[in-house]
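Subject: Structure handover

Hello,

Here is the structure I promised to pass on. Please open it first, then read my notes below.

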Amino acid sequence: MAEVFGKTNLFPTGNYNQKKNLEGGACLVPKKISEFCSKHNSFPSLKGKSLASKSDFNGQRVVFLEKKSMSKRSFSQVPIKAQMQTGLINRAKKWWEKGLQPNMNEVSSAQGLVDSLLNAGDKLVVVDFFSPGCGGCKALHPKICQFEEMNPDVQFLQVNYEEHKSMCYSLNVHVFPFFRFHQGAQGRVCSFSCTNATIKKFKDALAKHTPDRCSLGPTKGLEEKELLALSGNKALAFHYTPKPVQPTPVPTHELTSMPNQVPSHSKTKLPLSVPMTSLKQRDSEEKTLVGVGR
């Protein structure tokens, strides 16, 4: 077989153990196969001329290119964090990241929470406070994801306690899982903690506040005291300027007074009234004097 290949100029009959050439190629026929073909004189009926005439290689050696890839050793030397960032390996999702719907957003800061509530308009907003180490939060998470899917018009916000401890303290949230419902100009309409055993609280709150409502005033968001507490927390990069207190307007009918009415605080002294008995006595005395004169 080697002789036939040699006659057709497809492969050289010399040393087949040559090293890879500069192009990264290697011989297709190893040395053992060539020796086997030469000893047993395989394929005697093949004609070299006919094969040579039909060949398109023109006496050149056939090579193939190797695909260069990262070796296992060099791949193992890359840090796992860098592999996750570059996409070499996929990062496993945490339990609170599974099953989330498009209407669930993660809160990244106190300013983000305030802006999300103010930008929601009349839409119902449910703030979900959870802790990664809370077993009740983990067990309740799949049902919360179902409520998200069933109520696409409701905006859900997720607050991780381990990442936002200072913000949770300022909002007086110390029990998990904890939920706060906000809607339009009403602000916070309800807040409670529930588990799988008391999931009815969550269902009833959604049924009560989900119907479309139009607020007459601007969206309230967090309360004034909560905004001041967040602003006073030095661990949070949040600034809030209190609204100026406007004086209470006095009704106009209270400002008007009667023209003949004298104020009680006036220093003007009124003349004392003369009793009627003294007037009668004076008249009788004058009459007696007149009678005596006659």
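Which residues of strand 4 are buried on one side, and which on the other? Phe178, Arg180 and His182 are on one side. Phe179, Phe181 and Gln183 are on the other. Every one of these is buried, so both faces of the strand are covered. Six of the six residues of strand 4 are buried, so the strand is largely enclosed by the rest of the structure. The alternation follows a general pattern: in a regular strand the side chains point to the two faces of the sheet in turn.

Before the rest, one caution: this is a predicted model.

**Overall make-up**

The protein has 294 residues, and 29% of them are buried. Its secondary structure comes to 12 helices and five strands. Among contacts with a separation of 6 or more, 74% join residues 24 or more positions apart.

**The sheet**

The five strands form an open sheet. Their order is 1-3-2-4-5, and the pairing is mixed. Strand 1 (104–106) and strand 5 (187–193) are the edges, each pairing on one side only. On average, neighbouring strands are turned by 20° against each other, direction ignored.

Strand 4 covers residues 178–183. Its pairing with strand 5 is antiparallel, over six bridges. Within that pairing, Phe178 has Ser193 as its bridge partner, and Phe181 stands opposite Cys190. The two strands form a hairpin with three residues between them. Look at Gly184 in the turn: its phi is positive, at about 50°.

Strand 2 also pairs with strand 4 in the antiparallel sense, again over six bridges. Here Val125 has His182 as its bridge partner.

**Helices across the sheet**

Two helices are worth a look. Helix 7 (residues 135–150) lies across strand 1, strand 2 (124–130), strand 3 (155–160) and strand 4. Helix 7 runs at about 160° to strand 3. Helix 9 (residues 200–209) lies across strand 2, strand 3, strand 4 and strand 5. The angle between helix 9 and strand 5 is about 165°.

**Cavities**

How many cavities of 30 Å³ or more are there? The count comes to six.

The largest has a volume of about 70 Å³. Its lining consists of Trp95, Trp96, Asp128, Phe130, Cys137, Leu140, His141, Ile144, Gln158, Pro177 and Phe179. Strand 2 and helix 7 are the elements that give two or more residues to this lining. Helix 7 gives the largest share, four residues. By class, the lining of the largest cavity has eight nonpolar, two polar and one charged. Phe179, one of the buried residues of strand 4, is in this lining.

The second largest cavity holds about 50 Å³ of space. Leu117, Ala120, Gly121, Lys123, Val125, His182, Gln183, Gly184, Gly187, Thr219 and Gly221 line it. That lining divides into three nonpolar, seven polar and one charged residues. Some names will be familiar from the sheet. Val125 and His182, the bridge partners in strands 2 and 4, both line the second largest cavity. Gly184 of the hairpin turn lines this cavity too.

**The largest pocket**

The largest pocket has a volume of about 210 Å³. Its lining residues are Val114, Leu118, Thr219, Lys220, Gly221, Leu222, Glu223, Glu224, Leu227, Phe238, Tyr240 and Lys243. Helix 6 (110–118) and helix 10 (224–232) are the elements that give two or more residues to the pocket lining. The classes here are six nonpolar, two polar and four charged. Thr219 and Gly221 appear in the pocket lining and also in that of the second largest cavity.

**One loop residue**

Is His164 buried or exposed? At 11% relative accessibility, His164 counts as buried, because the cut-off for buried is under 20%. Its place is in the loop between strand 3 and helix 8 (165–170). Leaving out residues up to four places away in sequence, His164 touches Val107, Ser108, Ser109 and Val159.

Over to you.

Best wishes

How values were computed. Residues numbered from 1 in each chain as written. Predicted model: local features only at pLDDT ≥ 70, side-chain atom pairs only at ≥ 80, totals over all residues. Heavy atoms only, no water. Pairing = 2+ DSSP bridges. Axes fitted to C-alpha atoms, helices over the stretch in contact; angles between N-to-C directions. Contact = heavy atoms within 4.5 Å. 1 Å grid on protein atoms, 1.4 Å probe; cavity = no way out; pocket = protein on both sides within 12 Å on 5 of 7 lines; lining within 4 Å. Points joined across faces, edges and corners; volume = space filled by probe spheres on them. Nonpolar A, V, L, I, M, F, W, Y, C, P; charged D, E, K, R; others polar. Buried < 20%, exposed > 50% of the residue type's maximum accessible area, 1.4 Å probe, protein only.
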